[in-house]
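Student: I am new to this structure and would like a close look at a single part of it. Could you go slowly and explain each term when it first comes up?

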Amino acid sequence: MPDAPQATHLHELTASEAASLIRQRAVSPVELVEHLLSRADVVEPIVHAWETLDPERARAAARAAESAIMQDAELGPLHGVPFGAKDIFDTAGLRSAAGFPPYAHRIPSVDSEPVARLKRAGAILVGKMVTTQFAYSDPSRTRNPWSPERTPGGSSSGSAAGVAAREVPFALGSQTAGSVLRPAAYNGAVGLKPTYGRVSKRGVFPLAWSLDHTGVLTRSVEDCALFLSAVAGHDADDPASIDQPVPSFALAGEPRPPRFGLVREGIERATPRLRQHLEEVGRVLESAQATVDEVSLGEPLDLILGVHHTIMQTETAAAHWQLLEQHPGMHSPRLRAYVEVGRLLPGALYLHAQRLRRRIRAAMTRSLRNVDALLLPTAADVAPTLETTGDPSLQAPFSLVGFPSLSLPSGVLEPGGLPLAIQLVTPPWQEARLLSVARWCEAHLPRMPSPPLPA
Amino acid sequence: MHDPAVDPGRLALLDELRLAAVATYGEERVAEQPVQMALAAAATAVWRVSLEQLEPSGPEPLRTHA
């Protein structure tokens, strides 16, 4: 292969850049995988993003990818691009423990469907990334690469911190309340949660079935589009998968300046410094000819969060109570208590919440009628300290209704050097619109620097 | 602004949930901080959801994403 770009910069490549350079034979998949494994040696003592690295299989896959290139074989869109998977995604032949000690030696024989589709697109699984236990809110050991005293968020802690720390260009995550977008915001990564039913969850350990979404952490909007192109589409073996046409997610041309609906409830919930930041972002977007008008979610935020909580806690209890009895003392403290209390909630209340969910969904659809996307802070504040994974109250509303949402880095708080982020939301099945709007914002907002880690 | 933490309806629901928890898991377990926090959060959610009136012929509960 021809000389690669400066090896020290290989870890800075986004997935799209890596895919393009690999296709042009300017970067070798073998060299890229080796470089990222070396990168892990340097930053893992600080970040702790990987749960299980799989260097030998990653190297073998990289050699096979390189061989395919040399033979001019037909290449998938992610050919030779390394990725990580949150440790609640089953991976064939590779430990999948979900942060649960009794599963420490659990090795699935089949890949979860998102992992399988990524592999079919040519991507190389480098390993599994730290999750909070069963994707709930007990903090994990992962640290925020911007400040080891701060949480990376959760539950996709390792996926977000690892992508931000340049350990891997993209990683699978999952979201039931805010577990993709909030870690994305806290770590300065891009996080996408597609429409409920757009991406299969087969082989992904459930937390709350009607709220769980497969998502992705990346360092560019283009990478979210590339990811979605590889994994979107109906899966007849996943009961939650919905058979909808899959459009092209390719980002072409310069979109017109969008119309944003600035979500009043999001601004009210934010801390003063986040509110001030959103006002600044609004001014930047307006100066680039976007329109920004205030909208409401159409139902009170406390009701939306109450409905989300009731449904999530009841479903989590249903998913976990038998496991709790089979393995006493093995669940993390908050999850155990959440399941125990969830078992006490009456069925009539759960169904009442599900009925309210439909009303909330209709209201949010109306909120989006005259705008291209909703705009609000992803999180109410920057990453807090390590005793929590943060507040999901601004991400959970869109997990409840299943609308696609995306977190985009929008600056760095000074002093302190912690990432800030905006959240964008579109109606269901409108990921192409969401990505187009996000790409437009990405072009008009400051570029996110790398976190302060060793080179 | 009304503070849900001191709303009598929420406090009554919290008591009801706590009694059910004690009957199921025992006093000692229920006194632990994670259970106390989970009870408080659940009471707030249940109380807020219960405030909303729906007619039987209103929205149906299932096919939530259709």
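**A close look at one helix and its surroundings**

Tutor: To set the scene, the contact between the chains takes 26 residues from chain B and 31 residues from chain A, where two residues are in contact if their C-beta atoms, placed from the backbone, lie within 7 Å. This is a predicted model, in which local features need pLDDT of at least 70 and side-chain atom pairs count only at pLDDT 80 or more, while totals for chains, interfaces and linings use all residues. Residues are numbered from 1 along each chain as its sequence is written, with chains lettered from A and ligands numbered from 1 in the order written. On the side of chain B that touches chain A, helix H1 (8-25) and helix H3 (33-50) of chain B each supply at least two residues, and H3(B) gives the most, with twelve residues. Helices (H or I, at least four residues) and strands (E, at least two) are DSSP runs, numbered from the N terminus.

The part to look at closely is helix H1 of chain A, which covers residues 15-23. Within H1(A), the residues Ala15(A), Ser16(A), Ala18(A), Ala19(A) and Ile22(A) are buried, a word used when 20 or more other C-beta atoms lie within 10 Å of a residue's own. Viewed down the axis of H1(A), these buried residues fall within an arc of 165 degrees, so they line one face of the helix; the arc is that of the directions from the helix axis to the C-beta atoms. What covers them includes H2, H3, strand S4 (170-175), strand S6 (213-218) and H7 of chain A. Just after H1(A), Arg25(A) takes a positive phi of about 65 degrees.

Ala15(A), which lies in H1 of chain A, shows these surroundings residue by residue, for Ala15(A) is buried with 27 other C-beta atoms within 10 Å. Not counting residues up to four places away in sequence, Ala15(A) touches Leu78(A), Val81(A), Pro169(A), Phe170(A), Thr218(A), Asp223(A) and Leu226(A). Its C-alpha atom is separated by 28 Å from that of Gly390(A), 375 residues apart along the chain.

Next come the elements that cover H1(A), beginning with helix H7 (residues 221-231) of chain A, which packs with H1(A) at an angle of about 70 degrees, the axes lying 8 Å apart. Axes are lines fitted to C-alpha atoms, for helices over the stretch in contact, and angles run from 0 to 180 degrees between N-to-C directions. H1(A) and H7(A) are therefore roughly perpendicular (65 to 115 degrees) to each other. Ala15(A), Ser16(A) and Ala19(A) of H1(A) make this contact with Glu222(A), Asp223(A) and Leu226(A) of H7(A).

Strand S6 of chain A holds Thr214(A), which counts as buried with 27 C-beta neighbours inside 10 Å. The C-alpha atoms of Thr214(A) and Ser174(A) are 40 residues apart along the chain but separated by 4.5 Å, and Ser174(A) is also among the contacts of Thr214(A), including Pro114(A), Leu172(A) and Val204(A).

The two other covering helices also pack on each other: H2 (residues 29-47) and H3 (residues 55-70) of chain A meet at an angle of about 160 degrees, with their axes 7 Å apart. H2(A) and H3(A) are therefore roughly antiparallel (over 145 degrees). From H2(A), Pro29(A), Val30(A), Val33(A) and Leu37(A) meet residues of H3(A) including Pro55(A), Ala58(A) and Arg59(A).

Note on methods. Angles under 35 degrees count as roughly parallel, over 145 as roughly antiparallel, 65 to 115 as roughly perpendicular and the rest as oblique. A residue is buried if 20 or more other C-beta atoms lie within 10 Å of its own, exposed if 12 or fewer, and partly exposed in between; C-beta atoms are placed from the backbone.
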